[in-house]
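Good morning, colleagues. Please turn to the sequence and the structure as they appear on the screen.

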Amino acid sequence: MLSRSKLVNLWGFFSYSLRCIINVLSCFFSFAKVVSLCLLNSVQHIFAYKRHKFHVSFPQCHVAALSSSSLKQRGFLPVSREGFLHQPGCCLHFIFNRCIIPFIPETHSAFVRWQDFDQDLYVGATVVRPGQDPYARNKFNQVESDKLRMDRAVPDTRHDHCRHKQWKSDLPASSVVITFHNEARSALLRTVVSVLKKSPPHLVKEIILVDDYSDNPEDGALLGKIEKVRVLRNDRREGLMRSRVRGADAATAPVLTFLDSHCECNDHWLEPLLERVAEVHPDTQTLFHSFDWNLVFKWDYMTLEQRRARQGNPIAPIKTPMIAGGLFVMDKEYFEQLGKYDMMMDVWGGENLEISFRVWQCGGSLEIIPCSRVGHVFRKQHPYTFPGGSGTVFARNTRRAAEVWMDEYKNFYYAAVPSARNVPYGNIQSRLEMKKRLACKPFKWYLENVYPELRVPDHQDIAFGALQQGGNCLDTLGHFADGVVGVYECHNAGGNQEWALTKDKSVKHMDLCLTVVDRTAGSLIKLQGCRENDSRQKWEQIESNSKLRHVGSNLCLDSRSARMGGLTVEVCSPSLNQQWKFTLNLQS
Ligand SMILES: [Mn+2]
């Protein structure tokens, strides 16, 4: 009995034979035309061909009309559109390639299905040896990662509504771009396999692996054997942004999907994303992405209002002011129009901020699609080194984003991260020109329309944000007028931990002010409605903004009795209970 693969082979043989006959015929005519010139030429070509094996391009060959993906895969570059087989050398070359190479066994089996890829051989070459720390190389447990099968089953964590939804099938195909640097082979392979396994084949045109100069070129190169996988390797460390742009430039599908190199796609992860991208760009929601004035990405809860609005449709897209940056889908043409990435950003960090501001301010939108689930390995630390030091690189990238996109609001970032002021950020001229060309909206618009939840300091404020003491923050504890205040673990979500020190010296939470009711050491501080010119509510920062002193009594804000009643004023001392720091100090 014939197996399926033999049938496919037979069909392949039949169609190739047919094309061969056509090719030979057309070649014959070309031959006849230039027969007098061709002999020498053919001999030359054959020799060139023999010398270079298959990896040579024939610049004289006008083979564009013949260009097929299989030809390209073998390294032949179609050169012009002028037509067909001008030269006999090309003719031979063409016949050989189209008619003979497909039936040479080793070239025919150049690509394997992911199911046939030898995981043990690939992963086995880089296992953690006994006695080695399994976290050392990747900052996640490589031993555990290596044990997993590349196509292991993962639980479907989607909302029920997603499971019953029918996704369109006539969607634009996507090129999946995965950049990596010294990734654990098992994690990288799982990422690739999960894409192939969990996506409808016609929607994944290719997987482009961009090896950002990993120590071992084989980490990526060996994966190039898997169907649809194309491997590009940088010849020096370029960092995430330039590597992604390189992958995007090489992509041939209309939609780009960017993934980290340690992900696992879940059931029907791709269709909802492509469906949304294919829809007309609309004006259109428990967690969304956001950031604080230190410009560090964080997760935020939706407001009660936002959650109520979603009750009727729990799987509706969620507008988000910011993306985490590792995993997202974007129309390729739009990615290009919108200036790709800032090519002068290095290694990692800040690019998600930059692309988020850019998309929103220049007319696009960012959404989280709840039905699309992709797992990601979170690490507490970067496994690789940052040329130049991670803090500096992060600050430099973030500064570039702030300088281009945040207008005068960048000063709040500098107030929150004063050290960033001294980090050189390079030339931003071309990004500013691009911003102008795209007629992008000012940051004020973004704050008002996209991220109204972000509290913007008032021009009356001297200091703003959380009032921190180690990991704890000054907290209203939900109390109102005449209530005491305490400390609670900092949650960086504003709310009861949001305070401002104003020019008229009050420490305010909304319209409540910290009030010293009794000007003796050890007395409890109360929240009271703010009153102008009430000396019981006047405070100032002392000792390089590290303490808060009540002006009328010269006593300091102190947390020693926080667990027994609330915060008090005490005689100022070097005690850690009196160290308080605002997130943002607008005067230095
Ligand atoms: Mn990651």
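I shall speak about a set of parallel strands, then about cysteines, and finally about salt bridges. Please bear in mind throughout that this is a predicted model.

Let me begin with strand β2, which covers residues 204-211. How many of the residues of β2 are buried? The count is 7 of the 8, so the strand is largely enclosed by the rest of the structure. On one side of the pairing we have strand β1, residues 174-180, which is joined to β2 by 7 bridges in the parallel sense. To place one of these bridges on your screen, find T179, whose bridge partner in β2 is V210. Between the two strands the chain passes through helix α9, residues 185-198, and this β-α-β crossover is right-handed.

Strand β2 also pairs with strand β3, residues 229-233. Here there are 5 bridges, and the two strands again run parallel. For orientation, D211 has R233 as its bridge partner in β3.

I turn now to the cysteines. A disulfide, as a reminder, is a covalent bond between the sulfur atoms of two cysteines. The whole structure contains 5 disulfides, and I shall describe some of them.

Consider C362 and C440, which are joined with an S to S distance of 2.0 Å. The link between C362 and C440 is right-handed, with 100° about the S-S bond. This pair connects distant parts of the chain, 78 residues apart. C362 sits in the loop between α15 (351-361) and β10 (367-368), while C440 sits in the loop between α18 (429-437) and α19 (443-449). Are these two cysteines buried or exposed? C362 has a relative accessibility of 14% and therefore counts as buried. C440 is likewise buried, because its relative accessible area is 14%. The cut-off behind both statements is that buried means under 20% relative accessible area.

Next, C473 and C490 form a disulfide in which the sulfur atoms lie 2.1 Å apart. The link of C473 and C490 is right-handed, at 100° about the S-S bond. Because C473 belongs to strand β13 (residues 472-475) and C490 to the loop between β14 (486-489) and β15 (499-502), the pair ties together parts that are 17 residues apart in sequence. Both C473 and C490 are buried.

A further disulfide joins C556 to C572, S to S 2.0 Å. With 90° about the S-S bond, the link of C556 and C572 is right-handed. C556 is found in strand β21 (residues 555-558), and C572 in the loop between β22 (568-571) and β23 (581-585), 16 residues apart. Which of the two is buried, and which is partly exposed? C556 is buried, because its relative accessibility is 0%, whereas C572, at 28%, is partly exposed.

There are also cysteines outside any disulfide. C263 is one of these: the nearest cysteine sulfur to it belongs to C265 and is 6.7 Å away. C263 is buried, with a relative accessible area of 2%. C265 is also in no disulfide, and its nearest cysteine sulfur is that of C263, 6.7 Å away. C265 is buried as well, at 1%.

My last topic is charge pairing. How many salt bridges does the structure hold? The number is 36, and I shall mention a few.

R185 forms a salt bridge with D219, the closest N and O atoms being 2.9 Å apart. R185 belongs to helix α9, the helix of the crossover described earlier. D219 lies in helix α10 (residues 218-221), and the two residues are 34 residues apart. R185 counts as buried because its relative accessibility is 4%; D219 counts as buried at 6%.

K340 and D249 offer another example, with the closest N and O atoms 2.8 Å apart. K340 is partly exposed at 24% relative accessibility, and D249 is partly exposed at 43%.

The side chains of D534 and R531 also meet in a salt bridge, 2.8 Å from N to O. D534 is buried, with a relative accessible area of 11%, while R531, at 33%, is partly exposed. Elsewhere, salt bridges that share partners join R236, E238, R242, D346 and R396 into one network.

Thank you for your attention.

Notes:
Residues numbered from 1 in each chain as written. Predicted model: local features only at pLDDT ≥ 70, side-chain atom pairs only at ≥ 80, totals over all residues. Heavy atoms only, no water. Buried < 20%, exposed > 50% of the residue type's maximum accessible area, 1.4 Å probe, protein only. Helix = DSSP H or I, 4+ residues; strand = E, 2+ residues; numbered from the N terminus. Pairing = 2+ DSSP bridges. Right-handed = clockwise from strand over helix to strand, strands pointing away. Disulfide = S-S within 2.5 Å. Salt bridge = Lys/Arg side-chain N within 4 Å of Asp/Glu carboxyl O.
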